[in-house]
Amino acid sequence: MGLIVQKFGGSSVATTERIQNVARIITETYKKGNNVVAVLSAQGDTTDDLIEKAKEINPKASRREMDMLLSTGEQISCSLCAMAIEALGFPVVSLTGWQAGVQTNSSYSNARIKKVRTERIQSELDRNHSIVIVTGFQGINKFDDITTLGRGGSDTSAVALAASLKADLCQIYTDVDGVYTADPRHVEGARKLDEITFDEMLELASLGAQVLHNRSVEMAKKYRVNLEVLSSFSGKPGTKVKEVVKTMEKTQISGVAKDKNVARLALVNVEDKPGIAYQVFSLLGQKNINVDIILQSMGRGESQDISFTVKRDDADQAMELLQEHKAALGFERVDVNKEVVKVSIVGAGMLDNAGVAAKMFGALYDADINIHMISTSEIKVSVLLDEADANQAVQAIHNKFFEE
């Protein structure tokens with residue numbers, strides 16, 4: 001008998017029929033002699049609908065009250081799924097995040113899990129032999145307030161439970177049947193990967209691939225959780241995410257990702273003197289504004305330009321913050337461009353294959369697409385492009401690497 005944690009996303013539980021399908025998947029796993037803990041997201045667009053309802057009442061509602069509201073979405077899907085499992089004749093109990101022992105810090109709307117007290121879940125598994133359904137995306141802080149983990153938080157909930165319970169396997173069920181070399185809904189010829197390394201998956205998740213949340217991959221790597229991504233609709237084998245894969249040295253890259261949540265800021269005519277970059281980026285860091293690609297021009301006379309990217313959602317705040325400190329930082333103006341996109345290639349094979357970046361740039365040249373900024377690491381290359389070129393760029397790069 002093994003212990004399997006299964007997570008089902010919002011699309012997997014969006015309708016009555018899909019909830020019943022999830023109940024069948026869970027009970028089939030249980031009938032094979034496994035203990036099962038299932039983590040569910042809110043149904044379909046429930047979270048977005050709740051956010052809109054809140055805006056109708058109070059557009060500036062506190063994050064604490066928003067967490068109180070948004071946590072109800074997962075409670076609905078979990079209780080309905082438990083009812084469906086009851087109807088199939090199996091023992092089951094649904095638990096909220098706090099009942100399941102998920103303890104977080106107090107960063108409302110973007111909380112981090114501090115620990116999971118597994119006594120209640122373990123009791124249900126051992127003494128009552130129940131299937132346990134747990135609300136994803138939420139926990140409780142030291143004030144006994146409900147907190148939520150941010151977008152994609154149910155993935156993190158599932159991996160945290162799998163790590164704490166020392167589960168044999170954590171399965172992430174979604175609407176695609178694994179991890180692909182690119183988004184199969186938009187890229188012709190995208191291929192499903194049988195396996196991928198934690199490092200590659202973490203990069204892809206951080207760079208816009210929406211199959212897994214990056215925090216969940218980071219946690220799975222840290223606690224050595226056996227992870228698999230598969231479809232709740234097809235019944236086909238999925239993609240295994242692991243430390244080492246058999247095909248690591250056979251391919252140059254594992255995937256192409258696109259991230260639209262990007263904006264470029266440029267400080268024009270900044271004073272060319274020591275400490276300016278430190279002042280700019282420490283100022284942004286104090287407001288938890290993450291900076292990604294940075295490009296500093298060569299000094300010309302007594303000035304230079306500093307360009308960098310932030311999340312598009314943070315662009316206005318970043319611009320206002322810099323304008324407030326314009327005199328101290330000594331720049332002429334700040335330009336903001338929200339009509340850009342980041343396209344990236346990821347692959348452990350880059351370490352042993354020369355010319356991978358050149359091949360990517362060649363694909364963009366052949367497609368007559370201009371590059372604004374470039375960022376590299378050991379296993380990724382990212383470029384900043386005009387948003388209008390995004391889809392063509394991803395297709396061209398994918399063709400270059402995978403058709404050959």
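**Entry 1: helix 9 and the four-stranded sheet**

I began with helix 9, residues 315–324, in this predicted model. Helix 9 lies across strand 14, strand 16 and strand 17, and its direction makes about 15° with that of strand 14. Next I wanted the sheet underneath. In what order do its four strands run? I read the order as 15-16-14-17, in an open sheet with antiparallel pairing. The edges are strand 15 (291–296) and strand 17 (333–337), each of which pairs on one side only. On average, neighbouring strands here are turned by 20° against each other, direction ignored.

I also noted helix 8, residues 276–286, which packs on this sheet. Helix 8 touches strand 14, strand 15 and strand 16 (303–310), and its direction is at about 25° to that of strand 16.

Then I looked at one pair of strands in detail. Strand 14 (residues 263–271) and strand 17 are joined by five bridges in the antiparallel sense. Which residue of strand 17 stands opposite Leu265? I found Val336 there.

**Entry 2: the eight-stranded sheet**

I moved on to another open sheet, this one with eight strands. Its order is 3-6-2-1-9-11-12-10, and the pairing is mixed. Strand 3 (92–95) and strand 10 (195–197) each have a single partner strand, so one side of each has no neighbour in the sheet. Here, too, I looked up the turn between neighbouring strands, and the average is 20° with direction ignored.

To see the mixed pairing at work, I followed the strands around strand 9. Strand 1 (residues 3–8) runs parallel to strand 9, with five bridges between them. Gln6 has Gln171 in strand 9 as its bridge partner. Strand 9 is also parallel to strand 11 (residues 227–231), again over five bridges. In that pair, Thr174 is bridged to Ser231 of strand 11. The sense changes at the next step: strand 11 and strand 12 (residues 239–242) are antiparallel, over three bridges. Glu228 has Lys240 in strand 12 as its bridge partner.

Is strand 9 mostly covered or mostly open? I find strand 9 (residues 169–174) mostly covered, with five of its six residues buried.

**Entry 3: helices on the eight-stranded sheet**

I checked which helices rest on these strands. Helix 3 lies across strand 2 (35–40), strand 3 and strand 6, and runs at about 165° to strand 6. Helix 5, residues 153–165, packs on the sheet as well. I listed its contacts as strand 1, strand 2, strand 6, strand 9 and strand 11. The direction of helix 5 makes about 155° with that of strand 2.

**Entry 4: helix 1 against helix 3**

Helix 3 (residues 63–87) has a helical partner too, so I looked at helix 1 (residues 16–31). Their axes come within 9 Å and cross at roughly 60°. At that angle, helix 1 and helix 3 are therefore oblique to each other, and the crossing is right-handed. From helix 1, Ile19, Val22, Ala23, Ile26 and Thr27 make the contact; from helix 3, Leu80, Cys81, Ala84 and Ile85 do. Sorted by class, the contact has eight nonpolar residues, one polar and no charged.

**Entry 5: helix 6 against helix 7**

For another helix pair, I turned to helix 6 (residues 198–206) and helix 7 (residues 214–223). Their axes are 8 Å apart, and the helices pack at an angle of about 165°. Because an angle over 145 degrees counts as roughly antiparallel, helix 6 is roughly antiparallel to helix 7. The crossing is left-handed.

Which residues of helix 6 meet helix 7? I noted Phe198, Asp199, Met201, Leu202, Ala205 and Ser206. On the helix 7 side, they meet Asn214, Val217, Glu218, Ala220 and Lys221. This contact has six nonpolar, two polar and three charged residues.

**Entry 6: one loop residue**

Last, I looked up Arg127, in the loop between helix 4 (119–126) and strand 6 (131–135). Is Arg127 buried or exposed? Its relative accessible area is 66%, so Arg127 is exposed. I also took a distance from its C-alpha atom to that of Val262, 135 residues apart along the chain; the separation is 50 Å.

How values were computed: Residues are numbered from 1 along each chain as its sequence is written. This is a predicted model: local features need pLDDT of at least 70, side-chain atom pairs count only at pLDDT 80 or more; totals for chains, interfaces and linings use all residues. Side-chain values use heavy atoms; hydrogens and water are left out. Axes are lines fitted to C-alpha atoms, for helices over the stretch in contact, and angles run from 0 to 180 degrees between N-to-C directions. Helices (H or I, at least four residues) and strands (E, at least two) are DSSP runs, numbered from the N terminus. Angles under 35 degrees count as roughly parallel, over 145 as roughly antiparallel, 65 to 115 as roughly perpendicular and the rest as oblique. A crossing is left-handed if the near helix is turned anticlockwise from the far one by less than a right angle, and right-handed if clockwise. Contact means heavy atoms within 4.5 Å. Ala, Val, Leu, Ile, Met, Phe, Trp, Tyr, Cys and Pro count as nonpolar, Asp, Glu, Lys and Arg as charged, and the others, Gly among them, as polar. Two strands pair if DSSP finds at least two bridges between them. Buried means under 20% relative accessible area, exposed over 50%, partly exposed in between (1.4 Å probe, protein chains only).
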